[in-house]
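Hi,

Here is the structure I promised to pass on to you. Please have a look at it first, and then read on for what came out of it.

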Amino acid sequence: MNIIQTISSAPVLVQARDVHKSYGANEVLKGIDLDVRIGETVVILGPSGSGKSTLLRCINHLESMQKGSILVGGEQVGYVKRDGKLYYANAAQLARQRHGIGMVFQQFNLYPHMTVMQNIIEAPVGVYKEKRASAEDYARMLLKRVGLLEKASAYPRQLSGGQQQRVAIARALAIKPKLMLFDEPTSALDPELVGEVLATMRDLASSGLTMIVVTHEISFAREAADRVIFMDGGRIVEEGPPDQVLVNPKHPRTRAFLNRVI
Amino acid sequence: MAAMDRAGSAITADSSEGWDVSRAVAAVNYPRWALTCAAILFALYMAWMIIANDAFQWHTVFHWLFDPTVMQGLGVTLGLTVVAMVLGTIIGLVLAICRLSGHRIASGFAGLYIWFFRGTPMLVQLIFWYNLATLFPQISIAIPFAPPLVSWDTNTIITPLTAAIVGLALNEAAYMAEVIRAGLISVDHGQSEAAQAFGMTRQRALRRIIIPQAMRSIIPPTGNQLISMIKGTSLVSVIAMNDLLYSVQAIYNRTFEIIPLLMVAVVWYLFITSMLNFAQSHIERYYARGERRSEAPRVSTSDMEDAQ
Ligand SMILES: Nc1ncnc2c1ncn2[C@@H]1O[C@H](COP(=O)(O)OP(=O)(O)OP(=O)(O)O)[C@@H](O)[C@H]1O
Ligand SMILES: [Mg+2]
């Protein structure tokens, strides 16, 4: 593993080893090795279809893989070890394992029949059995942080795309995750709304949250990433600090990709 | 259409000052007015034909409208509808979930059930349940190939009432299963994905996230089902259940006032249906919360020249 030494020697939170994933005959991930340390912000870049979303979704087991292993906080999400055997996790175990992982989707996926406040407290109160009052207090704190405190009783469809995505970020933070996954959080947004979401994410990155971000926003990678990973054809072809990968890419594929998007 | 000829656009550089749109009115559409008047006249004429026609014997209709026998029949019809609909919806929900579960046996069973109950006439099903005793004289709970634990005489269990409820509910379940399934698959896949990512179990995701959103497309066809169920209950008169239709038939068999008594039944069926329509629109409004509602821009409907 070529973990870059600029990152402190903080403990590893996510450890992927030889991850393989196929859809039928189409092998989408062809052996991914990845370590993400606590507090790190890792940005994944790569052309469309290179398997970025698939990798992200394997991490919280929205997608199951065929080979390899992924540990998050020392646990294999979706599986339990017992008596020297590996079993598929049941619903309750899976819910507990996912407690530490927040996810933000490209299409927001807010619950349209619930208000912003209900969206945020649904998992903490309904799934993780927190007290409603304290969950609401925490939700208000999060809404203030993403600048949407006055929208607590609005329904998602009454908000702009950028506001919806910031609510979605607050909703993911409400379960107090150790790890945040972002799958192209700004791709469904109009250009003038991208900035507000990226600003929120930069704020999170600098607060020491561990984040894995799939994005096409090179500026975000440059400013907020501790490490940039470039994927192509189901493999990680290059990784390193942003000023190396983005400015002086070694691999011709990375160079070609960056020439196209910048 | 003169304005259109100029560069294909109604907007011209010299269009003088803009007028405040709060002064705008809809242009009068004379053909539509004429049609509306004709329709109202026709409706009035039809109403007059029915009210003034002595053959309907309206005084007889009013005489029987609140008769205790009719009231009791109405109660049976309403009761049967409610019980069969509730049971049918619950079984239908289970069938729909089985159908959509990746589990091959569960989904196969649900498919078979729906195929059978939608594919055979309601009337035949009712008669079948009523005559269950000829096929299975005993109903018992038992471990296969062992002596029964408990056992009942089929004839004591299957009365006209239980045959009617079982027949109507099981048939309804097949239709409700499809209505509910259509509603569940109309909800965006991202919703169940988000629910999963936030640690919800499948049941919780269905209950809190998927079903409330599916309700919007489940309710209109369910209203349809409920209305055909109300009228469908009239079939149970063949197995001697004294529903609304059966009770008016019982009366006109004595008095021979066939048309007025059928009108009594018609009036009550229409009354219940109207109440249901009213309730349905309220329920729909409840589940439409969170929708972005905006007024459609107003337009004139007449074909006037567009010249300034
Ligand atoms: N559910 C699925 N069934 C079959 N093939 C799939 C499925 N999801 C993804 N794929 C395939 O897997 C490959 C990788 O998809 P993935 O969504 O991970 O790409 P990506 O890098 O996120 O691309 P993008 O930048 O367009 O989002 C693609 O070739 C895609 O066609
Ligand atoms: Mg993707």
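A small definition to begin with: helix angles under 35 degrees count as roughly parallel, over 145 as roughly antiparallel, 65 to 115 as roughly perpendicular, and the rest as oblique. Please also keep in mind that this is a predicted model.

Helix packing in chain B

With that definition in hand, take helix α5 (residues 104-119) and helix α9 (residues 160-185) of chain B, which pack at an angle of about 120° with their axes 9 Å apart. An angle of about 120° belongs to none of the named ranges, so α5(B) and α9(B) are oblique to each other. Their crossing is left-handed.

Helix α5(B) also meets helix α4 (residues 68-100) of chain B: the two axes come within 7 Å and cross at roughly 130°. By the reasoning used above, α4(B) and α5(B) are therefore oblique to each other. The crossing of α4(B) and α5(B) is left-handed.

Then there is helix α3 (residues 58-65) of chain B, whose axis comes within 8 Å of that of helix α13 (residues 258-287) of chain B, with a crossing angle of roughly 60°. That makes α3(B) oblique to α13(B). Which hand does the crossing of α3(B) and α13(B) have? It is right-handed.

The ligand in its shell

Now for the part you may want to look at on screen. Around ligand 1 there are 13 residues, and those that come nearest are A:Ser48, A:Gly49, A:Lys52, A:Ser53 and A:Thr54. By character, the shell divides into three nonpolar, eight polar and two charged residues.

Which atoms lie close to the oxygen atoms of ligand 1? Here are three pairs to check:

- A:Lys52 has a polar side-chain atom 2.8 Å from an oxygen atom of ligand 1.
- A:Gly49 has a polar backbone atom 2.9 Å from an oxygen atom of ligand 1.
- A:Glu184 has a polar side-chain atom 3.0 Å from an oxygen atom of ligand 1.

As for cover, ligand 1 on its own has 630 Å² of accessible area, and the protein covers 59% of that. Two elements of chain A, β2 (26-37) and α1 (52-59), each give two or more residues to the shell around ligand 1. Which of the elements gives the largest share of that shell? It is α1(A), with three residues.

Happy browsing, and best wishes!

Notes: Residues numbered from 1 in each chain as written. Chains lettered and ligands numbered in written order. Predicted model: local features only at pLDDT ≥ 70, side-chain atom pairs only at ≥ 80, totals over all residues. Heavy atoms only, no water. Near = heavy atom within 4 Å. Polar contact = N/O pair within 3.5 Å; in protein donor to acceptor, adjacent residues only side chain to side chain. Areas by Shrake-Rupley, 256 points an atom, 1.4 Å probe, with all protein chains shown as cover. Helix = DSSP H or I, 4+ residues; strand = E, 2+ residues; numbered from the N terminus. Nonpolar A, V, L, I, M, F, W, Y, C, P; charged D, E, K, R; others polar. Axes fitted to C-alpha atoms, helices over the stretch in contact; angles between N-to-C directions. Left-handed = near helix turned anticlockwise from the far one by under 90°.
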